[in-house]
Amino acid sequence: MTVLVRPQALADFKPREFQMLIDGRWTNGAEGRIIERRSPAHGTVVSRYQAATGADVERAIQAARHAFDKGAWPRMKGAERSNILLKAADMIAARAEELAFLDSIESGKPISQARAELAGAVDIWRYAAALGRDLHGESYNTLGEGTLGVVLREAIGVISIITPWNFPFLIVSQKLPFALAAGCTTVVKPSELTSGSTLVLGEILMEAGVPSGVVNIVVGTGAEAGTPMTEHPDVDMVSFTGSTTIGKLTMANAARTLKKVSLELGGKNPQIIFPDANLDEFVDAAVFGAYFNAGECCNAGSRLIVHNSIAEEVVSRIAELSKKVRVGDPLDPGTQVGAIITPEHLAKIDNYVRNAAGDGADIVHGGAPLDLGLGQFMAPTILSGVKRDMAVAREEVFGPVLSVLTFDTIENAVDIANSIDYGLSAGVWSRDMDTCLQVGRGVRAGTVWMNTFMDGASELPFGGYRQSGLGRELGRHAVEDYTETKTLNIHMGPRTAWWMPR
Ligand code: NAD
């Protein structure tokens, strides 16, 4: 059995009330409708947001448009923008505990993990601030006596930023500071399930000196608030993180006005393990990769592709370690796996496991929801004997469910890894660097970890191949992603007239 940490009721908890941020003012929605968020671990209402209607989104887009076309932000020196972003980073660090608490109670993620995400986010804001100062184009002094070529990088304009519920503060931090560093203005829509920390970020940015209208934050459902953000002719680019299904819809909506899109979508990431790997290190990474954030993670290592010769030992060691994983109250600092985001999502995870068992997979550990008295939880689950055509091996379960498949040659392992529609990330484990590199080159994924899993750094680009997305976040080109390229073709001296006979 897994170690259970029963949720303590949030007695006398006073829900936090939020307004939305439009043109520098905190305001109610046009219709005064409220969205309530309950803690998925405790059942208590923890946040109330104003729901945005189409009219609110229109106001937010117009505020961002005006701030871009007429305002100070895109016209400021890079150093001035950078200093404001650095101030914001310090203020995020100062309010990290409050932000981590909000992310934990709204999403169900363990508080210890939420704190680590906040520390990572602060680093990203600082990194983006530094990049913003260094944004520059190119010049060509090699085009002949009479020509000088200057290539400018200009802020692209108004950006719609749409984020999911699984890493509320971290994901907005992978987008917003880079867009701001480039000089863009924005309308941000967090998931309606986890909007709290993004709204607090709005307070921070106003206080740090971001001018009115540069960052607007609306809360609402995808259909009502998200759709106009992807379709509106006054929006120049959409930066979206979420499911592949909604990512495709976003791209189709944006195509009607030919907006640039950046998409960070789903994953079904393999960890490939060879017999010469350090098994102790791998077993820990396999458990971490599968259960981190309750598996509600685009990067989850949800497919284990293990060499036939060690499959039995690997599965039994992972099952042993799974018994020690602490599941339950996200507010307990010792908890490693928190609650599942909604009852509907828990039912979906449960269904995947039941169907896999029906199709012939073996449940080696867990296999069902856990009743902890309050909230909704899923037992960390291991399925062995999974075949590559089963739904559980091909689709994103988004729960703490590990599918084990086997291979016999490197080619076979790479083939299995590449046999699905996703290509976000992968892990390979071997003491032989040749093996790691062969797999690293062969796997079609945006990140390949070698003898580690799910490490990250602000300097390293992140994004997906195939149906895992389009474009890259983080890394030194992240600010450039929010720019247009303009050529200045400059003529010097007398110009040869066109009509002159040659
Ligand atoms: P989702 O696609 O349901 O929602 C994401 C966001 O889009 C939310 O803010 C939602 O309100 C909004 N939305 C929904 N319908 C919309 C529409 N028609 N138009 C515009 N916006 C709309 O995803 P989710 O359930 O919130 O998040 C989980 C998904 O996100 C998973 O598939 C996961 O893999 C993916 N994800 C990817 C990454 C990555 O970096 N690749 C990171 C985290 C999560």
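**Contacts around the ligand**

Mentor: In this predicted model, a polar backbone atom of glycine 242 lies 3.3 Å from an oxygen atom of the ligand. Local features need pLDDT of at least 70, side-chain atom pairs count only at pLDDT 80 or more, and totals for chains, interfaces and linings use all residues. Residues are numbered from 1 along each chain as its sequence is written, and side-chain values use heavy atoms, with hydrogens and water left out.

Trainee: Why is the pair at glycine 242 called a polar contact?

Mentor: A polar contact is a pair of N or O atoms within 3.5 Å. The value at glycine 242 is 3.3 Å, so the pair counts.

Trainee: What makes serine 243 and glutamate 396 polar contacts of the ligand?

Mentor: A polar side-chain atom of serine 243 is 2.6 Å from a ligand oxygen atom. For glutamate 396, a side-chain N or O atom is 2.5 Å from an oxygen atom of the ligand. Both values lie within 3.5 Å, so both pairs count.

Trainee: How much of the ligand does the protein bury?

Mentor: Alone, the ligand exposes 850 Å², and the protein buries 89% of that. Such areas come from the Shrake-Rupley method with a 1.4 Å probe.

Trainee: Which residues come nearest among those around the ligand?

Mentor: Thr163, Lys189, Ser243, Leu265 and Glu396, out of 27. A residue is near a molecule if one of its heavy atoms lies within 4 Å of it.

Trainee: How many residues of the shell are nonpolar, polar and charged?

Mentor: The shell has 13 nonpolar, 10 polar and 4 charged residues. Asp, Glu, Lys and Arg count as charged, so Lys189 and Glu396 are charged.

How values were computed:
A polar contact is a pair of N or O atoms within 3.5 Å; within protein, one must be able to donate a hydrogen and the other to accept it, and residues adjacent in sequence count only if both atoms are side-chain atoms.
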